Structures are given as structure tokens and as C-alpha cells.
Amino acid sequence: MTHWELRPASAADVDAVAELRATVLRADLERLGRYDEQRVRQRLRERFAPAHTWVIEVGGEFAGCVALRPAEDAHWLEHFYLAPHVQGAGIGTAVLRELLERCDRDGVPVRLNVLRGSPARRLYERHGFTLENEDPVDVFMVRGPAGRRRPEQTRVCPAVTCRTTTRGVGVP
């Protein structure tokens with residue numbers, strides 16, 4: 001697998017993340033008749049929360065991002081984008097696995113939405129996400145914590161922090 005690291009995002013990352021979002025979502029949004037080159041960037045800028053976001057770096061360069069936003073009954077996995085040149089190298093799987101393991105340890109369910117027809121849905125299904133709801137544009141999915149599937153056993157986990165392992169692979 002390609003060497004990758006996570007680092008906490010900062011407000012200065014918003015433009016790079018907005019551009020990546022526009023690139024990565026363009027084909028799916030066009031297919032759905034929803035692509036607007038200004039709106040796709042503006043929606044990210046309005047919702048970008050550096051405190052809950054990590055930048056994914058490959059070879060020391062910006063290659064993606066992911067957010068895990070705490071909510072009352074779960075965490076929302078949001079803004080999970082990888083640059084096209086690093087997709088398919090196992091990075092998305094590894095990042096997702098690390099975030100889900102943390103939430104599993106803390107007994108926290110994870111929710112997300114993915115664009116209808118997006119190939120990313122298969123990644124989420126392989127990691128235990130199931131359909132919760134859908135509309136003409138979005139598919140809403142949920143994954144209960146492994147080993148703790150009863151709602152009364154769940155709680156919101158503390159903020160995920162990033163550290164670098166001895167292999168140099170960023171893990172939350």
C-alpha cells in the first residue's frame with residue numbers, strides 16, 4: 001500500500017478541499033443533473049469544520065481529506081475525498097478502517113451519505129454500512145459499532161486525534 005499520513009486540517013485547507021470535492025464529485029453530480037461548479041465548492045466552504053477534519057497526505061503532498069463530525073447519536077463521516085491519482089491504492093480503505101476502529105472501541109455508530117450511483121457506496125458496504133434511507137440524489141447509510149449493536153450501548157466518542165506510527169502511516 002502507498003505510504004500515507006493524516007494531519008489535522010486547518011482553516012487554510014478549505015480551498016484545496018473545495019477544489020478536490022469539485023473534481024471528485026463532478027462525474028456523479030453531472031450524471032444526477034446536479035453539477036454547479038460554484039455551488040459544489042460553496043457547499044464545502046459553508047460546512048468545513050477543521051476541528052473534525054483531517055488532511056490525507058501522500059508523499060508529503062495533499063491527496064485528500066476526511067471528516068468525522070460528532071452528532072447527538074452518532075458520528076457523521078463527511079468530506080471523504082481522495083485525489084484521482086491515489087484512488088485504488090488502498091488508502092481510502094485504510095483511512096476508513098482506522099476511523100471505524102476508533103468508533104467501534106468507543107461504541108459509536110457512524111452515519112454518512114453518498115451520492116446515488118457512486119462507486120464509493122461499495123467501499124462503505126464492505127465496511128458494514130447499510131442503507132438507512134435514500135432520496136433521488138443521496139443514499140444515507142449507517143454502521144453500528146462492531147460488537148455493540150444495541151442503541152442503548154452507544155455514546156459519542158471523544159474527538160479523534162492523529163498520531164504517526166513507527167511505519168509513518170497516520171492513524172487516528
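In what order do the elements of the chain run from the N terminus on? They run β-α-α-β-β-β-α-β-α-β-β-β-β. The model is a predicted one. The chain holds four helices and nine strands, and buried residues account for 47% of its 172 residues. Taking contacts in the chain between residues at least 6 apart in sequence, 62% join residues at least 24 apart. The chain exposes about 9000 Å², and carbon and sulfur atoms supply 47% of that area.

A good place to enter the structure is strand β4, residues 75-82. Eight of the eight residues of β4 are buried, so the strand counts as mostly covered. On one side of the pairing scheme is β3, residues 61-70, which pairs with β4 in the antiparallel sense over six bridges. A hairpin of four residues joins β3 to β4. Within this pair, Cys 65 stands opposite Tyr 81 of β4. Strand β4 also pairs with β5: these two run parallel and are joined by two bridges. One position to look at here is His 75, whose bridge partner in β5 is Val 110.

His 79 is found in β4 as well. Is His 79 buried or exposed? His 79 counts as buried because its relative accessibility is 12%, and the cut-off for buried is under 20%. Apart from residues up to four places away in sequence, His 79 touches Leu 44, Arg 47, Cys 65, Val 66 and Ala 67. Cys 65 thus appears twice in this region, as a contact of His 79 and as the residue opposite Tyr 81.

The path from β4 to β5 can be followed through helix α3. Together β4, α3 and β5 make a right-handed β-α-β unit. Helix α3 covers residues 91-105, and its length can be checked against its residue count. At 1.5 Å a residue, the 15 residues of α3 should span 21 Å; the end C-alpha atoms are 21 Å apart, so the two values agree. Just after α3, Gly 107 takes a positive phi of about 70°.

Which residues of α3 are buried? They are Ile 91, Gly 92, Ala 94, Val 95, Leu 96, Leu 99, Leu 100, Arg 102, Cys 103 and Asp 104. The list includes charged residue types such as Arg 102 and Asp 104. The cover over the buried residues of α3 includes the strands β2 (53-58), β3 (61-70), β4 (75-82), β5 (110-115) and β7 (138-143), together with helix α4 (120-126). Both β4 and β5, the strands of the β-α-β unit, are therefore among the elements that cover α3, with contact taken as heavy atoms within 4.5 Å.

Two cysteines can be considered next. Cys 65 counts as buried because its relative accessibility is 0%. Cys 103, one of the buried residues of α3, likewise counts as buried at 0% relative accessibility. A disulfide is a covalent bond between the sulfur atoms of two cysteines. How many disulfides does the structure hold? The structure holds zero disulfides.

From β5 the pairing continues to β7. The two strands pair in the antiparallel sense over six bridges, and the bridge partner of Val 114 in β7 is Val 139. Strand β7 is mostly covered, with five of its six residues buried. Strand β7 also pairs with β6 (residues 130-134), again in the antiparallel sense, over four bridges. In that pairing Thr 130 has Val 142 of β7 as its bridge partner. Strands β6 and β7 form a hairpin with three residues between them.

The last stop is Asp 28, which lies in helix α1 (residues 14-31). Asp 28 is buried because its relative accessible area is 12%, under the 20% limit. Which residues is Asp 28 in contact with, leaving aside its neighbours within four places in sequence? They are Leu 115, Gly 117, Ser 118 and Pro 119. Asp 28 and Leu 115 are 87 residues apart along the chain, while their C-alpha atoms are separated by 7.0 Å. Leu 115 falls within the range of β5, residues 110-115.

Definitions and conventions
Residues are numbered from 1 along each chain as its sequence is written. This is a predicted model: local features need pLDDT of at least 70, side-chain atom pairs count only at pLDDT 80 or more; totals for chains, interfaces and linings use all residues. Side-chain values use heavy atoms; hydrogens and water are left out. The expected span of a helix is 1.5 Å times one less than its number of residues. Buried means under 20% relative accessible area, exposed over 50%, partly exposed in between (1.4 Å probe, protein chains only). A disulfide is a pair of cysteine sulfur atoms within 2.5 Å. Two strands pair if DSSP finds at least two bridges between them. A crossover is right-handed if, with the strands pointing away from the viewer, the path from the first strand over the helix to the second runs clockwise. Accessible areas come from the Shrake-Rupley method with a 1.4 Å probe; for residues, only the protein chains shown count as cover.
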